[in-house]
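Student: Please take one part of this structure and go through it closely, starting from its inner spaces. I am new to it, so explain any term the first step needs.

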Amino acid sequence: MARILVTGGTGYIGSHTVVELMQQGYDVTIVDNLSNSSVDVLDGISAIVGRRPEFANIDCNDYVSMEAVFKQYPDIVGVIHFAASKAVGESVEKPLMYYRNNLGSLITLLEVMRRYHVYNIVFSSSCTVYGQPDKDHLPVDETAPIQKALSPYGNTKQINEDIIYDEAHADSSLHATILRYFNPIGAHPSALIGELPNGVPNNLLPFVTQTAAGLRAELKVFGDDYNTPDGSCIRDYIYVVDLAKAHVKAVERMLAGTPTEQVEVFNLGTGRGLSVLEIVRDFVEATGVNVPYQIVGRREGDIEKVWANPKKANEVLGWKADTPVKDVLVSAWNWEKHLRNIQ
């Protein structure tokens, strides 16, 4: 079976995608420097799939080490590139780290791919490239204008997309699929892999589950004065397993040679926006566990409201995110309980 290289494959979305790839029969090599993940994730993947992916502890900015991977695995036919720093708030505080890591890793990867004649890449992008869409572009489809990024993280995604387009223009052999995620949440139904942030979580749901587990005194809700029904930010929350399956669809489409454009772009979301406070309420209803929270000031870089129009992904990729949100929230709580040995 074909081999796929997955950068950042021990991370949250990467690990779930590795599971889906392997369950579809692909061989997988993971490259990850473990800066925001744990090597123990490999045990979870192995327990779910019944076999272990190949793994190399490598920074994607390291050309020599990346080249060694392509030499070792000459059967690589495609790459899924997840490896990036991804916290909006942190990127505002440490912009240079984000530009160095997120831009350098993609540039290095594309250089090595070209040298070793690997011409298929799926790129992990983000709805942050749309900024705050105006009301005429909500829900957001792929024709919505790219707006000035509200954070260095969002800007790195925009620049990386430009890099891919420019490289595709320079090399007609390259085919790329850009997947613009909305907000991934939840964990594998086995509770053997899930989101495991280092330190204080930057994403909503790990903060919710850690608060529910008693690790944190209360959840901080950043602002209740936005122009939304309950004043808190609205996002399109997508189940990480559904999201992972979209990557398999994208790989299959490229390997089958069916893309209609050299670079294809898909928005991945549910098509429904939920507020921060709705997620908290749904979590309490789904699990029966209380989550104390406090309203605090707005967080720099946050977008007020955004959700997807996933019609293109539904029709062209043949993919849909339709897992009920309460099932997703239960999966996240089961993962938290597994981590903390909570009965």
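Tutor: A cavity is a set of grid points where a 1.4 Å probe fits but cannot get out, and its lining residues are those with an atom within 4 Å of a point. The model discussed here is predicted. A search of the whole structure finds three cavities of 30 Å³ or more. The largest cavity holds about 70 Å³ of space. Its lining consists of Tyr12, Gly186, Glu195, Leu205, Pro206, Thr209, Ala332, Trp335 and Glu336. By class, five of these lining residues are nonpolar, two are polar and two are charged. Helices H7 and H11 each contribute at least two residues to the lining of the largest cavity.

H11 is the part to follow from here. Helix H11 covers residues 325-340, and it also lines a pocket: together with strand E10 (237-239), it is one of the elements that each give at least two residues to the lining of the second largest pocket. That pocket has a volume of about 200 Å³. Fifteen residues line the second largest pocket, and those nearest its centre are Tyr237, Thr270, Thr323, Pro324 and Val325. The largest share of the lining, three residues, comes from E10. Sorted by class, the lining of this pocket has nine nonpolar, two polar and four charged residues.

Next come the aromatic rings, one of which belongs to H11. The whole structure contains two aromatic pairs. One of them joins Phe70 and Tyr116 in a tilted arrangement, with 6.1 Å centre to centre and 35° between the planes. Phe70 sits in helix H3 (residues 63-72) and Tyr116 in the loop between H5 and E5, so this pair ties together parts that are 46 residues apart in sequence. Phe70 counts as buried because its relative accessibility is 3%, whereas Tyr116, at 24%, counts as partly exposed. The pair of Phe283 and Trp333 has ring centres 5.9 Å apart and planes at 85°, so it is edge-to-face. This pair links distant parts of the chain, with Phe283 in helix H9 (residues 276-287) and Trp333 in helix H11, 50 residues apart. Phe283 and Trp333 are both buried.

Phe283 leads on to H9, which is the partner of H11 in this link. H9 has twelve residues, which should span 16 Å at 1.5 Å a residue, and its end C-alpha atoms lie 17 Å apart, which agrees. Its buried residues are Val276, Leu277, Ile279, Val280, Asp282 and Phe283. The elements that these buried residues pack against are helix H7 (204-212), strand E8 (219-222), E10, strand E12 (274-275), strand E13 (293-296) and H11. H7 and H11 have already appeared as contributors to the lining of the largest cavity, and E10 and H11 as contributors to the lining of the second largest pocket. Just after H9, Gly288 takes a positive phi of about 75°.

Put together, the route through this part runs from the cavity lined in part by H7 and H11, to the pocket lined in part by E10 and H11, and then to H9, whose buried residues pack against elements that include H7, E10 and H11. The aromatic contact between H9 and H11 is the pair of Phe283 and Trp333.

Notes. Residues numbered from 1 in each chain as written. Predicted model: local features only at pLDDT ≥ 70, side-chain atom pairs only at ≥ 80, totals over all residues. Heavy atoms only, no water. 1 Å grid on protein atoms, 1.4 Å probe; cavity = no way out; pocket = protein on both sides within 12 Å on 5 of 7 lines; lining within 4 Å. Points joined across faces, edges and corners; volume = space filled by probe spheres on them. Helix = DSSP H or I, 4+ residues; strand = E, 2+ residues; numbered from the N terminus. Nonpolar A, V, L, I, M, F, W, Y, C, P; charged D, E, K, R; others polar. Phe/Tyr/Trp six-rings, centres within 6.5 Å; stacked < 30°, edge-to-face > 60°. Buried < 20%, exposed > 50% of the residue type's maximum accessible area, 1.4 Å probe, protein only. Expected span 1.5 Å × (residues − 1). Contact = heavy atoms within 4.5 Å.
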